[in-house]
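Visitor: I am new to this structure and would like a close look at a single part of it, the sheet and what surrounds it. Could you take me through that part slowly?

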Amino acid sequence: MLTSLFRGVTLARGSQFPRLSRSYSSQVRVRFAPSPTGHLHLGGLRTALFNYLFAKKSGGAFLLRIEDTDRSRFVPGATEGIVESLEWAGITFDEGPGKGGPYGPYFQSERNSIYQQHIQQLLECGHAYKCFCKPERLEQLRVIAQKSGRTAAYDRRCLNLTQTEIDTNIANGEPYTIRMKAPDHSIEVDDVVYGKVHFASNVLDDAILIKSDGFPTYHFANVVDDHSMGISHVMRGEEWISSTPKHIALYQAFQWDVPQFVHLPLLLNPDKSKLSKRSGDVHVNKFKENGFLPEALVNFVALLGWNPHSTQEIFSMEELIEQFSLENINKSSPMVQRDKLVWMNKQHIIKKCEDPAEREPLIRKLRHLLGEKFTNLSVSDEYLTKVLGAEKERISKIEEIPEACSYFFTDPDYTTPEAALFLEKLNKSLLVPVLETTLEKYKALPNLQTPDAVQALFKEIAQEHQVKVTKIQPILRYMLTATKAGPSMVDLFCILGKDRVLERCSTLIGKQTS
């Protein structure tokens, strides 16, 4: 465990920080710490979800911290968008923006006094130093290193400046950064997913901790905040593994306990290229706009790198919390297969349709969509429930119903190319006779017909014309929908009801005999 590493380190110049040890086993505290530079993307949602699931499974706390120290990349409204996306997905944080908590503020831009206090401690103890090198010199060092095939690293030119030289530079208005003095020994990262990862001392650079504008870099603020907020487990993307030695070196310098690191594998496209967060189609709000249910997206994202070790694929949030464990996170990078998400969305629709409480939001959504497509439409919740029941196995999104199943809400359009092609393939000699028989016999049935009564009607019509039921059903489907695909004929008759069926039958007879 990393919490046992790097303790008892003697600090330079004989100084010691107050030891701020903490037993992480007392409570799990995890955080999601996005930068407000744009929309929440799929990878960010997975990081937030895994932190949330682990916190809830462990009875711990889940924090949201906004890392907004890079003001050049700050996007107004991004924080609100991130919070809205998390809430839509059902991921609620215990502490953070808008909720507060005992470890605030939860915006890094509001914590600068905390960072200044801690950087001063590092300066006094010799674990950090002021660097006055200009960007032009640093670029020259980078070019020289590149030409010689070495990794670019700072040459510590400013490490041994005297206090007089430092004071003179400051008095002259020379801008400066503050760098960490990297340790001269190797560092081992003990990661839950990737195991022990060894970093030699020569790969550790004197990283900048405070930029020339006075704001901290990600590395410094991240460590100070994680410690001061009591974070027990740092769960984040695999791309941060290479930065973790810097973070451990800072924990070592402050003599703080090191949290447990959990790095999540990268998400890949089907062609195995890295999933780009800058691609608009991986933003959570885009999935929302495209009709995916939050439960389906969460279910989909949960299985991107986590294996429940069972054949179960459809999970509720409660089931994910119950079964989630860090040990079942895989090293291999999962591929984002969008057809799998479409399938999961379909399964969640089917599941919701079986529960009246879960079905109610679907009814509301469907009613809203219908209101946008059809004017002055008046249908009951009971009617919409029947439509959902008939279509749930055929649709992947609720958004498909108004367009693909418009015949439930308006008269069929017999003038479309699809309808014309359907008509061409019908038995023309049977068409009008079957319609006339249907009109005659259906009128005699009671208004509240049952599926069995409708089935009996089909048999009676077929017998009248001495054909099989399968020969008359295409004619009846054309009459009711003008499309070849759709729910069962029994469902169509029962849902549309006697009045609509008779009206469409009479209309089509009129069109075919005029």
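Guide: What follows is a walk through the sheet, with a short look at the confidence of the model and at one helix elsewhere. Please keep in mind that this is a predicted model, with a pLDDT that averages 92 over the protein and reaches at least 70 for 94% of the residues. The exception to bear in mind is the stretch of residues 1–25, where pLDDT stays under 50, although the model has 63 contacts beyond four places in sequence for it. Where pLDDT is low, the predicted coordinates should not be read in detail.

The sheet itself is open and is formed by three strands in the order 3-4-7, with antiparallel pairing. Strand 3, residues 128–131, and strand 7, residues 208–210, stand at the edges, and because each has a single partner strand, one side of each is left without a neighbour in the sheet. From one strand to the next the twist averages 45°. Strand 4, which covers residues 177–180, pairs with strand 7 in the antiparallel sense over two bridges, and Arg179 has Ile208 in strand 7 as its bridge partner.

On strand 3 we can pause at Lys130, which has its place there. In sequence Lys130 and Arg179 are 49 residues apart, yet in space the distance from C-alpha to C-alpha is 6.3 Å. Once neighbours within four places in sequence are left aside, Lys130 is in contact with Leu123, Cys158, Leu161, Ile166, Ile170, Tyr176, Thr177 and Ile178. Helix 3, made of residues 112–124, lies across strand 3, strand 4 and strand 7, and runs at about 100° to strand 3.

For the surroundings beyond the sheet, we can turn to helix 1, residues 42–58, in which Thr47 is found. Thr47 has a relative accessible area of 10%, and because that is under 20% the residue counts as buried. Not counting residues up to four places away in sequence, Thr47 touches Phe32, Met235, Arg236 and Leu264.

The axis of helix 1 comes within 9 Å of the axis of helix 9, residues 294–302, and the two cross at roughly 85°, which means that helix 1 is roughly perpendicular to helix 9. In this contact Leu42, Leu45, Arg46, Leu49 and Phe50 of helix 1 meet Leu297, Val298, Phe300, Val301 and Ala302 of helix 9, and the residues of the contact divide into nine nonpolar, no polar and one charged.

Technical notes: Residues numbered from 1 in each chain as written. Predicted model: local features only at pLDDT ≥ 70, side-chain atom pairs only at ≥ 80, totals over all residues. Heavy atoms only, no water. Pairing = 2+ DSSP bridges. Helix = DSSP H or I, 4+ residues; strand = E, 2+ residues; numbered from the N terminus. Axes fitted to C-alpha atoms, helices over the stretch in contact; angles between N-to-C directions. Contact = heavy atoms within 4.5 Å. Buried < 20%, exposed > 50% of the residue type's maximum accessible area, 1.4 Å probe, protein only. pLDDT = per-residue confidence, 0-100. Parallel < 35°, antiparallel > 145°, perpendicular 65-115°, else oblique. Nonpolar A, V, L, I, M, F, W, Y, C, P; charged D, E, K, R; others polar.
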